[in-house]
Amino acid sequence: VALLDTQLKGYTLSYGGDPTYVFMAHTAGTGAALRYVTVVAQTDETGEVNPVIESVTDADHLDRTPEMRFVDAVDADASHRASLLFELRERRTRQFALYRVIAGQSQQIFVSGTTQ
């Protein structure tokens with residue numbers, strides 16, 4: 001399946017931390033044929049890239065599994081460690097979620113209320 005509008009961004013979320021990559025893309029089509037893909041991966045001590053967050057959804061299931069749109073890396077709590085901010089887009093609403101990624105693990109540390 002061909003992926004369109006591919007975006008790959010790399011970050012170092014803390015001083016001396018492992019590189020973290022955010023990949024986003026979608027497929028062509030409509031409904032169940034239109035899929036949104038988001039993968040966050042981090043390298044380990046051997047240099048191997050391992051997924052930390054994986055999200056795939058299609059246009060028919062956005063209300064159950066929202067599309068994860070990467071916004072930016074932010075230091076929201078002034079800890080000198082950046083977290084990843086995503087827009088969680090459903091069919092008619094959206095939320096924002098903040099994920100902390102450390103040592104090959106992710107944790108959702110904040111999710112906003114729903115907006116229209």
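This report walks through the fold of a single chain, one of its hairpins and a few individual residues.

**The chain as a whole**

Please keep in mind that the model is predicted. The chain holds 8 strands and 0 helices, so its pattern along the sequence reads β-β-β-β-β-β-β-β. A compact globule of 116 residues would have a radius of gyration near 13 Å, and the 15 Å of the chain agrees with that. The C-alpha trace covers about 45 × 35 × 20 Å along its principal axes.

How much of the chain is buried? Of its 116 residues, 34% count as buried. The exposed surface comes to about 6,900 Å², with 49% of it supplied by carbon and sulfur atoms. Among contacts with a separation of 6 or more, 29% join residues 24 or more positions apart. As for charge, there are 10 positive and 15 negative side chains, and the centres of these two sets lie 9 Å apart.

**The β7-β8 hairpin**

Towards the end of our tour of the strands, β7 (residues 94-102) meets β8 (residues 105-111) in an antiparallel pairing over 6 bridges. Across this pairing, A97 stands opposite V111 in β8. The two strands form a hairpin with 2 residues between them, and A103 sits in that turn.

Q105 belongs to strand β8. Is Q105 buried or exposed? Its relative accessible area is 57%, which is over the 50% cut-off, so Q105 counts as exposed. Even so, Q105 has contacts beyond its neighbours within four places in sequence: Q42, V52 and R100. E87, by contrast, is 18 residues away from Q105 along the chain, and the C-alpha atoms of the two are separated by 20 Å.

**Two alanines with positive phi**

Most residues other than glycine have a negative phi. Which value does phi take in A78? It is near 55°, a positive value in a residue other than glycine. A103 likewise has a positive phi, of about 50°, although it is not a glycine. Where do these alanines lie? A78 is found in the loop between β5 (67-74) and β6 (83-89), whereas A103 is in the loop between β7 and β8.

Here are the relative accessible areas of the exposed residues discussed above, including Q105.

| Residue | Place | Relative accessible area |
|---|---|---|
| Q105 | strand β8 | 57% |
| A78 | loop between β5 and β6 | 59% |
| A103 | loop between β7 and β8 | 64% |

A78 is exposed because its relative accessibility of 59% is over 50%, and A103, at 64%, is exposed by that cut-off too.

Conventions. Residues numbered from 1 in each chain as written. Predicted model: local features only at pLDDT ≥ 70, side-chain atom pairs only at ≥ 80, totals over all residues. Heavy atoms only, no water. Helix = DSSP H or I, 4+ residues; strand = E, 2+ residues; numbered from the N terminus. Rg over C-alpha atoms; globule rule 2.2 N^0.38 Å. Buried < 20%, exposed > 50% of the residue type's maximum accessible area, 1.4 Å probe, protein only. Contact = heavy atoms within 4.5 Å. Areas by Shrake-Rupley, 256 points an atom, 1.4 Å probe, with all protein chains shown as cover. Lys, Arg positive; Asp, Glu negative; His and termini not counted. Charge placed at Lys NZ, Arg CZ, Asp CG, Glu CD. Pairing = 2+ DSSP bridges.
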